[in-house]
Amino acid sequence: MSLGENNLVEGNKAYAASFTQGDLALPPSHHYTGLTCMDARIDPAAAFNIPLGAAHVIRNAGASARDAFRSLVISQQLLGTTEVLLVKHTGCGMLTFDNETARGLVKKNKGEAAAKEVEGLDFLAFPDLEEKVREDVEWLKSRAVEEGIRVTGWVYEVETGKVRRVV
Ligand SMILES: [Zn+2]
């Protein structure tokens, strides 16, 4: 078993042994969605104070609004959420590269066929953290489907565990 598989199988035994919340409703009881990065240093449930069943949490590289759009529409239209908390973070890997770098790595590591698969892919990296929080919030607010949805933008500090509002 891999380390990941072992974490899953062994850790889940302990979790399931004391699990008591099998009767939660499908729609999030607090009616909001947290959108954050996939960064391994972020524990959204703990750091953002999200009880089980209370909110959707969407994660992707960089907490990209565009990348999360499909899930946000499902969250709102099918499951009744009315608010988005978009939380990017300090030290994000997405601040460290651009499309050409990512495509170059794929070509070097995986070859021509793989490079072709990602040649049109926008990796959605960004050079300025707070500016991108603002831009993502504005982008979401400009979607007709997001009309009436409350959207705020935040930065989580991986160094301190603190969150601060940007917009
Ligand atoms: Zn990140």
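This report describes the zinc site of a predicted model, the annotated residues at that site, and the surroundings of Glu157.

## Zinc site

Three residues supply the protein donors of the zinc ion: Cys37 through SG, His89 through NE2 and Cys92 through SG. These donors lie 2.0 to 2.3 Å from the metal. Along the chain the donor residues follow the spacing C-x51-H-x2-C. Cys37 belongs to strand S1 (residues 32–37) and His89 to strand S3 (residues 83–89), so this pair ties together parts that are 52 residues apart in sequence. Water is not among the atoms, so the site may look incomplete.

## Annotated binding site

An unreviewed UniProt entry carries the annotation "binding site" for Cys37, Asp39, His89 and Cys92. The annotated residues span 56 residues in sequence, yet no two of their C-alpha atoms are more than 8.8 Å apart, so they gather at one spot. Cys37, His89 and Cys92 are the protein donors of the zinc ion.

## Cys37 and Asp39

Cys37 lies in strand S1. Its relative accessibility is 4%, so Cys37 counts as buried, and His89 is buried too. Leaving aside neighbours within four places in sequence, Cys37 is in contact with both of the other zinc donors, His89 and Cys92. The remaining contacts of Cys37, under that sequence limit, are Ile42, Arg59, Asn60, Ala61, Gly62, Ala63 and Val87.

Asp39 sits in the loop between S1 and helix H2 (44–47). Asp39 has a relative accessibility of 14%; because the cut-off for buried is under 20%, this residue counts as buried. With neighbours within four places in sequence left aside, Asp39 is in contact with Arg59, His89 and Gly91. Arg59 and His89 also appear among the contacts of Cys37.

## Glu157

Glu157 is found in the loop between strand S4 (150–156) and strand S5 (163–165). With a relative accessibility of 18%, Glu157 counts as buried because it falls under the 20% cut-off.

The side chain of Glu157 makes a polar contact with the side chain of Thr160 at 2.7 Å. A further polar contact joins the side chains of Glu157 and Arg164, at 2.9 Å. Not counting residues up to four places away in sequence, Glu157 touches Thr90, Lys162 and Arg164. Arg164 is thus both a polar partner of the Glu157 side chain and one of the residues that Glu157 touches under that sequence limit.

Terms used
Residues numbered from 1 in each chain as written. Predicted model: local features only at pLDDT ≥ 70, side-chain atom pairs only at ≥ 80, totals over all residues. Heavy atoms only, no water. Donors = N, O, S within 2.8 Å, 3.2 Å for Na, K, Ca; no water. Helix = DSSP H or I, 4+ residues; strand = E, 2+ residues; numbered from the N terminus. Buried < 20%, exposed > 50% of the residue type's maximum accessible area, 1.4 Å probe, protein only. Polar contact = N/O pair within 3.5 Å; in protein donor to acceptor, adjacent residues only side chain to side chain. Contact = heavy atoms within 4.5 Å. UniProt positions renumbered as here; feature names shortened; annotations may be inferred.
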